[in-house]
Amino acid sequence: MNGFKKFDDYRIKFVVSLFVILFFLIPSVSTAATKADLAKFQRSIVDYRRQLNPRFKKIRRAKTSYIIVHTSELGLNSTLRVISKGKRLPSGRRTRGGHTHYVIARDGRTYRMLDRRYQADHAGRSMWNGETNISKISIGIELVGNHYNPITRDQYRSIGLLIDILQGVYKLSDRAVLTHSQVAYGYPNRWFKKNHRGRKRCAKNFIRSKAGLGPTWAYDPDVRARRLSADPQLADVFYGRQKLRAKADEANIISKSNTAWSIAGEDYDQRITVYKFPNGRLYTGDQISDKIGWNRIPANTIVLLNQETAIEVKRDKGPIKTIPVGRSAWSLAGKAYNRKTTIYFLPSGRIKHGSTISNWADLPVRTKIIIGYRGPFKIKKDRSAYHIAGVKFRDRKTIYYLPTQKLLAGNNIKNFSKLPRGTLIFLPIS
Ligand SMILES: [Zn+2]
């Protein structure tokens, strides 16, 4: 009996010590990236520095106090172009590029845009803890995507590793990592009498814990010191109970609490901001005050940011939409971008259902989209348009895809008997 008891004792001791070891081991293994992970990530960074606008003036940064996270509000290709080459301002002037140090694509691929020694022109009018011009003392990281749709898991992984590396180089704590929307401020406008937060909404959907970051500022130091007034929505996101985060993917839709200002920030009245009303009408930001009035924008209006080609969108009235330069499928189809009923016609002639689109940022320019459709149904010798679409075969909502890769609405087809064999028909769901 004794012998058995001793054996049991050893077994218990062994199991207990195993648990103790695991208890200390597991957190360090699962949260911290290994040296090998970091080295592998560092090697994977794509060097994009050669694309930098030669007119950009390189100035060395004297100190590095912060890492600022942005969302680019553009697809990948236009993000890379605008950040390296510069952007057109409403005044018509062009900036000189160098607008961030790193860009992280939706699939996590990371690009080095500017050597981290230099100042990037990324934060604009900004203040944190009494210090202004945050670009001079910080590193900028741009996540491809909008502040109102979720950041991908791959992006969180990459930014976590990148921040780890930069924190090591510059000896920065987790509190040094802030979003652009936290540090930007604006001059008085129709919503604020004083200098205020909220000029930018950039990266307000950034969930720190998903990037492996610990606790941070529980308050805004410049609001507390009365240097700035708070933006109520951002204050709730960053220092409140964070209930707004769950709604992040609906946050480009106007409601009582979600105004043009809280969605577009300083771009609310600009031409590049497009308002899509529930009745389908489109207005650019510079038309609202004359044609509608800022307090009369109907609820459920969708606000689209950075619409460089706003006029093209305005002309695109029928069900067939075209992706213009610098736009993503998200900006045309919204949350429907990856549904089976959203159908993409690529310039290569390929047809794809939304459910097979993995990266909305990378669709080629001139891709056409129809939203809310089923099909294709093929026209054959014994199966005419009428057989497939019924009485609605001439309808503007019945879409024909010709073997010549031409897309036509039913009301634009003159002679149905001349439709080539192999023409495909797509029918609206409702
Ligand atoms: Zn930003």
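Start by selecting Ile-343 and His-353: His-353, in strand 16, is the bridge partner of Ile-343. Keep in mind as you click around that this is a predicted model.

Now widen the selection to strand 15, residues 342-345, and strand 16, residues 351-353. The two run antiparallel and are joined by 3 bridges. Together they form a hairpin with 5 residues between them. Have a look at Gly-349 in that turn, where phi is positive at about 100 degrees.

Stay on strand 15 and show its side chains. Which way do they point? Thr-342 and Tyr-344 go one way, Ile-343 and Phe-345 go the other, and all of them are buried. That fits a general pattern: in a regular strand, side chains alternate between the two faces of the sheet.

Add strand 17, residues 368-371, to the view. Strand 15 pairs with strand 17 too, in the antiparallel sense, over 4 bridges. To spot where they meet, pick Phe-345 and look opposite to find Lys-368 in strand 17.

**Next stop: a four-stranded sheet**

Select strands 18, 21, 19 and 20. Shown in that order, they make an open sheet of 4 strands with antiparallel pairing. Where are the edges? Strand 18 (373-378) and strand 20 (407-409) are the edge strands, each pairing on one side only. Turn the sheet and follow the twist, which averages 25 degrees from one strand to the next.

Zoom in on strand 19, residues 399-401, beside strand 20. Here 3 bridges join the antiparallel pair. Click Tyr-401 and then Leu-407, its bridge partner in strand 20.

**Into the largest core**

Time to hide the surface and look inside. The largest nonpolar core has 44 residues, and the members touching the most others are Ile-67, Ile-68, Val-103, Ile-104, Ile-141, Ile-159 and Val-183. Colour the elements that each supply at least two core residues, among them strand 2 (66-71), helix 3 (76-85), strand 7 (138-143) and helix 4 (153-170). Helix 4 gives the largest share, with 5 residues. A second, separate core of 22 residues includes Ala-329, Ala-333, Leu-363 and Tyr-400, so select those four if you want to compare.

Back in the largest core, centre the view on Ile-104. Leaving out neighbours within four places in sequence, Ile-104 is in contact with Thr-110, Ile-141, Leu-143, Val-144, Gln-155, Ser-158 and Ile-159.

**Helix 3**

Select helix 3 next. How many of its 10 residues are buried? The count is 7, and the helix is mostly covered. Those residues are Leu-76, Ser-78, Thr-79, Leu-80, Val-82, Ile-83 and Ser-84. Show strand 3, strand 4 (110-112) and strand 7 alongside, as these are what the buried residues of helix 3 pack against. Just past the end of the helix, Gly-86 takes a positive phi of about 115 degrees.

**Two crossing helices**

Now bring up helix 2, residues 35-44, together with helix 4. Their axes come within 10 Å and cross at roughly 105 degrees. Angles of 65 to 115 degrees count as roughly perpendicular, and helix 2 and helix 4 are therefore roughly perpendicular to each other. To see the contact itself, show Asp-37, Leu-38, Phe-41 and Gln-42 on helix 2, then Ser-158, Leu-161, Asp-164 and Ile-165 on helix 4.

**Helix 7 and the loop before it**

Move on to helix 7, residues 232-239. Its buried residues are Gln-233, Leu-234, Val-237 and Phe-238. Look down the helix axis: these residues fall within an arc of 115 degrees, so they line one face of the helix. Packed against them are helix 5 (180-183), strand 10 (196-197) and helix 8 (260-264).

Step back into the loop between helix 6 (221-224) and helix 7 and pick Asp-231. Is Asp-231 buried or exposed? Asp-231 has 28 C-beta neighbours inside 10 Å, so it counts as buried. Setting aside residues up to four places away in sequence, Asp-231 touches His-196, Arg-197 and Gly-198. Draw a distance from Asp-231 to His-196: the two are 35 residues apart in sequence, yet 6.8 Å apart in space, C-alpha to C-alpha.

**Zooming out**

Finally, show the whole protein as a cartoon. The secondary structure comes to 12 helices and 21 strands. Of the 430 residues, 36% are buried. And among contacts with a separation of 6 or more, 65% are between residues 24 or more positions apart.

Conventions
Residues numbered from 1 in each chain as written. Predicted model: local features only at pLDDT ≥ 70, side-chain atom pairs only at ≥ 80, totals over all residues. Buried ≥ 20, exposed ≤ 12 C-beta atoms within 10 Å, placed from the backbone. Contact = placed C-beta atoms within 7 Å. Arc of directions from axis to C-beta. Pairing = 2+ DSSP bridges. Core = buried A, V, L, I, M, F, W, Y, C linked by C-beta atoms within 7 Å. Axes fitted to C-alpha atoms, helices over the stretch in contact; angles between N-to-C directions. Parallel < 35°, antiparallel > 145°, perpendicular 65-115°, else oblique.
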